[in-house]
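Me: I have a model open and want to learn how to read it. Can you take me through it feature by feature?

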Amino acid sequence: MSQPTDSRTAFVTGITGQDGSYLAELLLAKGYEVHGLIRRASTFNTHRIDHLYRDPHEESRLHLHYGDLTDSSRLVSLLSEIAPDEVYHLAAQSHVRVSFDEPEFTGNTTGLGTIRLLEAIRMIGLEVRFYQASSSEMFGSTPPPQSEDTPFHPRSPYGVAKLYGYWATRNYREAYGMYAVNGILFNHESPRRGETFVTRKIARAAARIALGQESQVYLGNLDAVRDWGFAPEYVEGMWAMLQADEPSDYVLATGTAYTVEDFARLCFAHVGLDWTRHVRFDERYLRPTEVDALIGDPSKAADDLGWRPRTFTPELARIMVDAELSGLRGPAADVSPFPVLGVAGRSIAG
Ligand code: NAP
Ligand code: GDD
């Protein structure tokens, strides 16, 4: 970890998620004081950031606060108390398939949650730099390559909600002169990815099948094309966006295209298996409307911020499968005592 050099304060929503955990590490390494918003849950939900507590040096600069994106008064009181220099708004109901089941909830958290936060900042009169976690899902059915100038056509309640947050962020920048920016991030993955997103589901299945713990995994559409990058590199881009002289919106992507089938082939090949023998189809994982192809053009981020991806999909697949294997072989492997269906990665959410 590099020597801390900064003494700024950041407020991170979604700190318990994949990106929030990597961003907290990055900011702490830079010397920031980090305040994170967490939800009260009936079980522990801080496993991705627990290691930061265990490091006695980091403990003093990481603070967690209970709150929720649907609770405006709490957002106001927290922001008044913390008075951060930078706000990274990463919290959301982030699962596209689930957003079809819970469209109103997704709109309330993923969409309105953004304006609640922006409005809290405006009401208090904070001089902050604000990052909005916008998404390539907003491009929806608009054909690739997609850049900052590509028209949006969202294909899910999640995409619609993210578009609301995107325009709210631009509007607060234009209306109130806030330093508020959208990172339009294409899919980025890691061993910390939620288990019901397709890359983690496949990597986990390949590892469990290789170790003889399962035999099959059920998936939906194998033809979807995605531009998969490595999450730790994307949080560097988020930080870089808030350091620029002028606020602007940026795409972060690798610019490369792979299908879900390709990802399955890569993961299973890494453990010496033929994916066709282990992947089965389940229509429950299809979506009412699909986003067929997302391939980003990250040239603006490269030119203005010097941000470039370093890890591409084939290496990402290897990293994720290796992490699953070592987790399963290690003493801390968390095996459910109630394997309901006995099929790797199978869940309601998909
Ligand atoms: P993630 O792992 O699903 O994390 C989502 C975070 O939001 C979690 O910390 C979650 O808390 C929190 N959250 C959800 N609802 C909340 C609420 N009502 N109040 C407070 N917190 C709430 O997502 P991610 O992959 O890290 O993505 C981070 C952000 O980037 C999200 O906004 C996502 O939509 C967006 N994004 C992600 C990608 C990608 O490929 N990963 C691409 C583009 C944009 P719990 O831990 O308690 O559930
Ligand atoms: N989750 C899941 N589960 N997806 C599957 C499955 C399955 O069993 N089988 C096929 N897929 C396909 C989906 O239909 C989709 O086309 C693709 O795999 C990727 O699905 P996800 O991994 O769920 O990601 P996503 O692209 O829908 O959404 C992610 O990326 C967005 C950025 O474009 C999420 O992280 C969003 O929060 C993010 O904004």
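Me: Start with the ligand. Which strand gives the most to the shell around ligand 1?

Reply: Keep in mind that this is a predicted model. Strand 5 gives the most to that shell, with three residues.

Me: How many residues surround ligand 1, and which are the closest?

Reply: A residue belongs to the shell if one of its heavy atoms lies within 4 Å of the ligand. Here 24 residues surround ligand 1. Thr16, Arg39, Leu90, Ser94 and Tyr158 are the closest. Sort the shell by class, and you get eight nonpolar, 11 polar and five charged residues.

Me: Now the polar contacts. Which side chain has an N or O atom 2.6 Å from an oxygen atom of ligand 1?

Reply: Look for pairs of N or O atoms within 3.5 Å. The side chain of Ser94 supplies that atom, 2.6 Å from a ligand oxygen. A polar backbone atom of Gln18 is 3.1 Å from an oxygen atom of ligand 1. For a nitrogen atom of ligand 1, turn to Arg193: an N or O atom in its side chain is 3.3 Å away.

Me: How much of ligand 1 does the protein bury?

Reply: Take the ligand alone, then put the protein back. Alone, ligand 1 exposes 900 Å². The protein buries 90% of that.

Me: Which elements give two or more residues to the shell?

Reply: Helix 1 (18–30), strand 5 (129–135) and helix 7 (157–176) do.

Me: On to the sheet. What is the strand order, and how do the strands pair?

Reply: Read a sheet from edge to edge, not along the sequence. This open sheet has seven strands in the order 3-2-1-4-5-6-11, with parallel pairing. Strand 3 (62–66) and strand 11 (250–252) are the edges; each has a single partner strand, so one side of each has no neighbour in the sheet. On average, neighbouring strands are turned by 20° against each other, direction ignored.

Me: How many bridges join strand 5 to strand 6?

Reply: Seven, and the two strands run parallel. Strand 6 covers residues 179–185. Within it, Val181 stands opposite Tyr131.

Me: Which strands does helix 1 lie across?

Reply: Check the contacts, then the direction. Helix 1 lies across strand 1 (9–13), strand 2 (33–38), strand 3 and strand 4 (86–89). It runs at about 175° to strand 1. Helix 4 (residues 72–82) also packs on the sheet, touching strand 1, strand 2, strand 3 and strand 4. Its direction makes about 155° with that of strand 3.

Me: Last, the backbone. Where is the cis peptide bond?

Reply: Check omega. Between Pro144 and Pro145 it is about -5°, a cis bond. Pro145 is in the loop between strand 5 and helix 7. Check phi as well. Ala83 is not a glycine, yet has a positive phi of about 45°. That residue is in the loop between helix 4 and strand 4.

Note on methods. Residues numbered from 1 in each chain as written. Chains lettered and ligands numbered in written order. Predicted model: local features only at pLDDT ≥ 70, side-chain atom pairs only at ≥ 80, totals over all residues. Heavy atoms only, no water. Polar contact = N/O pair within 3.5 Å; in protein donor to acceptor, adjacent residues only side chain to side chain. Areas by Shrake-Rupley, 256 points an atom, 1.4 Å probe, with all protein chains shown as cover. Helix = DSSP H or I, 4+ residues; strand = E, 2+ residues; numbered from the N terminus. Nonpolar A, V, L, I, M, F, W, Y, C, P; charged D, E, K, R; others polar. Pairing = 2+ DSSP bridges. Axes fitted to C-alpha atoms, helices over the stretch in contact; angles between N-to-C directions. Contact = heavy atoms within 4.5 Å.
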